[in-house]
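Welcome! Let's get to know this structure together through a few questions and answers.

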Amino acid sequence: MAGVAFSAIALWLVFSSNHDTHPAFGAALNLVVAWSFIASGLVAWTRRPDNRFGVLMTAVGLTWFIGALSESNDSIPYTVGIVLGLVGFAIFVHALLAFPRGYLETRIVYLTVGTAYAIVTVGQVVAALFYDPTPDCRNCPANALQVVDHNGVTTALNAVLSGLGVLVVGATVFVLVRRWRAASTPLRRALAPVLATGAVTMFLLALLLVLELAHPGAANVVSWVTLFAFASVPLAFLAGLVRSRLAREAVGRLVVALGRARAPGEVRDALADALGDPSLEVAYWLPEQREFFDLHGRRLPLPANDGARWATIVEWDGKRVAAILHDHSLLEDPALVEAAGAAAGLALESERRVAALAESEWRNRALLDAIPDLMFRLSRAGEYLEFKGRAEDVAASPETLIGRTIFDTLPADVASLLAGCIERTLESKELQRVEYDLTLDGRRRSFEGRAVVSGPDEVLLIVRDFTERRRQEAELEALHAELRDRLEELGASRQRIVEAGDVERRRLERNLHDGAQQRLVAVSLTLRLAEGKVATDPGVARQLLGTATEELAIALEELRELARGIHPGVLSERGLEPALGTLVARAPLPVEVDVPLDGRLPGPVEAAAYYVISEALTNIAKYAEASAASVRVSRRNGAAVVEVADDGIGGADPNRGTGLRGLADRVEALDGRLEVQSVPGQGTRVRAVIPCGS
Amino acid sequence: MATTVLIVDDHPGFRATARALLEAEGFDVIGEAETAVQALQAARELQPDIVLLDVQLPDLDGFEVAERLTVNGTGPTVVITSSRDRTDFGPLVSRSGARAFIPKGELSGQAIAVLLETPV
C-alpha cells in the first residue's frame, strides 16, 4: 500500500516538475527500480519472515521514492529529496552485505555499512549547508538548509563524500568477493546471482563516483547504466528463487533415481545429486546403539547444527531412520532438504539395515581383532580361507597360508586331528574342541582349538597356545605328587614314632616287671619269712635279712639303669658333652669325642643328638667289630651336625631294623635328616643334620 | 592233715621264697610248675587243695589256666597272684573261676588261711 501511494506521489512530482530534463524516462526507470526492490523484497520476506534480507530489500525500494522529492517545485520537499535521496543506496549496501542470512557479521562489514549510512545522512546534510542549486538548475527551488553560499566548500565536501563512497563500495566488493571464495558449491549457486549483480552495481557505483568528479558528462551515461545494474539485483534474487524452485523438481527426479537405486550408497549419490551438494553424507540411525553410523558400520556423529555442516533428520513411518549431513547453504530452502529426505525415507530405511549389518560385522571383526588367539577360517577340505594372528604361532609363513591346506602345512597326525574336528563341527553344527602339539622353531608347544560353523562348508577355528598353562599344570601335578609323598612319609613316620613309643613303653614295663618289681616282691616275702624266724631261729632270720639286703641293692641298680634308659638325667641337667662322657665311659671300645659347641643346643635337638650317638655307639658295640670310634657334634649354618664314625666292617643297612629308622624319624620330626654311609670294609659313618630352629 | 599247695610261677626265686613262707606256716607244698602246661598236668596228678597261680606264664596266662582247672566246678581252689595290683586286672579274676587274688608282696599262709575260711 505504501509503495502504491509513494509511486503515485513520485509520478505526480516528476510530471509536475519544471526542472527535470528527462521526466518520462527518469520516472519510468525509478519506478522500475523501486518496484523491483519492493516486489522481490516482499517475496523474500514472505518466504523467510525471520530473515531481514526481505525487509531490507523492501526498504531499498520504498526509500528510492525519496529521490523523487528532488523533482518537487517546493523548497522543503526538494531539499529533503536532494539530501536523503541516496539513503536507498546505503540500505542496498546493508542488504547486500547481510545477504543471504539477513544479518551482519564481521567488524569490517559493520564499519562499511555504518560509513554508508553516515555518508547518505550526516554527510549529505553537512554538504547541503553550503549548496546553492540555482547556478546549475535555473528552475530548481531554493535549498532550505543552505546557510552559506560557498560552492568551493560544496565541491570539496562532495569530493570527500565521493572518496568515502568509493571506499565503502570497494569494501563491499571486497567482502562479497571474499564471501564468494569462501562459499561451498551449493552456497555459491545460491549466492551467485545476487553477489554478481551486486558486485557489478557496486563497481559501477564506484566508477560513477570517480567520474562525477573528473568528467561530469561521461558520468551521466554511467549513471544510467548503474541504475540498470542496480535494478537487476532484485531480479537476480528472484532468478535465484526460480532456480531453487527448479531444484524442487529435482526431488521428483530423485524419487525416480531412488526407484533404481540398488547398491548401498546409491541413495546418498541420488540425494547429493538432487540437492546439488557433492559433500552430502547420510548417517543411519541404529536404535540399539542409539547412535548414527555410516554404511561401513562406523560411528558418524552428527554436526552440532551451528556451523558449515548441518544435519537434517529423516523419519520414515514415524521412526527415525537416518540423518542427511549437508552444507549449511541448503538451509536456504530447508523444505527442499526435508522433501528430499521424505522421498528417500523408504530407501534409507532399507539401507539402514545394510548399515546395521555393517556395524554388527564391524563389531564382530573388532571383537576378533581383540582376541589374542590365532584365528583361521577353514574350508571343509581343510583349506585356509583366512588367517589372523602372529607369524611365529603358525607352522607356515602367513603370506603363503591362504589357499593351502592343513595337510600341506601341518604334520600328518595334527592335520588329521584338525580335519576330524572340522568334520565334527560341520556335522554337529556345534562348538568342537581339539588339542594338539606342534614343534615350532624347535619348541614343543601345546594348542587348543575351538571350532564353530562360520558359513556353508567352512569353520572358524580359534586357537589358543596353552603351552605355558600345560607346563604349569605339570609343575603343579609334580608339586602335588611330592606333597602326597611327603604326607605319606610323614604319616608313616608318625606311625613309626607312635609304634616306637609303644614298643619302648612295653619294654620298660617288662623290664620293671621282670626286674626291680620281682626283686622287691622277693625282698618283701623274704622279710616276712625272716620276721617269722626271728623268735624261733635267729640264725636263719639273720641269713634271710642278708639275702633281702642284697636283693634290694640289685633292685636299686636295675631301677637306676632303667631310668637312665628313659632319659639320661645328666643330659637335661648338664648338657650334651657331659652326657656323652658317661655314654663313652660305658662303651666297650675307645671313643674319641669332639664337641666344639659354644653354649647348649635347644632341648629337642640336644636329645635327638644324644640318642643318635647313643644308638650309633650301641650298634657299633653290637655289630661293627670296630677297634675305635669317633663322635663329633658341631654347629653349622644354624644346624647341629652330629657325626659318629667307626673303623669296623661297614655294610649297615639303615632300612633294616628299627634302631636307625627310629632315629631317622626322630631327626626328621625336627626337619633334620639322617644319613648313613656304610660301605663294606670301610667302616660306618652316621651323620645327622638337625636345624636348631628360630 | 595239712592243706596241700601247688605253686605255679616261671620265676624260680619266687617259687622258692613262697614255698619257704607257706611251709613255715604249716602248708604242705606238694609241687611246683613253671608253665601252664606243667601246671595243668601237675594239678591233675597231684590233686592239690590249693593252686597258687601267677598271672604271667610263658605259654598261657594264669586266668586261662584257672578257667581250665575250675571248669566243672570241681578241682582245686585257685588263688591268683601277681607282682601287679588287683586293679590291673579288673573282672578277669572273678570270671576265671579263681577264688581270690593275692598280690605277691602280701602273700602269707595267714592270708590263704583267711581266704579258705571265707564262705564262697
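Here is a short conversation about the contact between the chains and one residue in chain B.

User: Before we start, how is this model numbered and filtered?
Analyst: Residues are numbered from 1 along each chain as its sequence is written, with chains lettered from A and ligands numbered from 1 in the order written. This is a predicted model, where local features need pLDDT of at least 70, side-chain atom pairs count only at pLDDT 80 or more, and totals for chains, interfaces and linings use all residues; side-chain values use heavy atoms, leaving out hydrogens and water.

User: Which three residues supply 41% of the area that chain A buries against chain B?
Analyst: Buried area is the accessible area (1.4 Å probe) that two parts lose on being put together, summed over both. Between chain A and chain B this area is about 1,200 Å², with carbon and sulfur atoms giving 57%. The 41% share of chain A's part, more than any other three residues supply, comes from A:L525, A:R528 and A:L529.

User: Which residue forms a salt bridge with B:R84?
Analyst: A salt bridge is a side-chain nitrogen of Lys or Arg within 4 Å of a carboxyl oxygen of Asp or Glu. The rule finds one across the interface of chain A and chain B. For B:R84, the closest N and O atoms are 2.4 Å apart, and the partner is A:E509.

User: Is B:R15 buried or exposed?
Analyst: The cut-offs are under 20% relative accessible area for buried, over 50% for exposed and partly exposed in between (1.4 Å probe, protein chains only). B:R15 has a relative accessible area of 8%, so this residue is buried.
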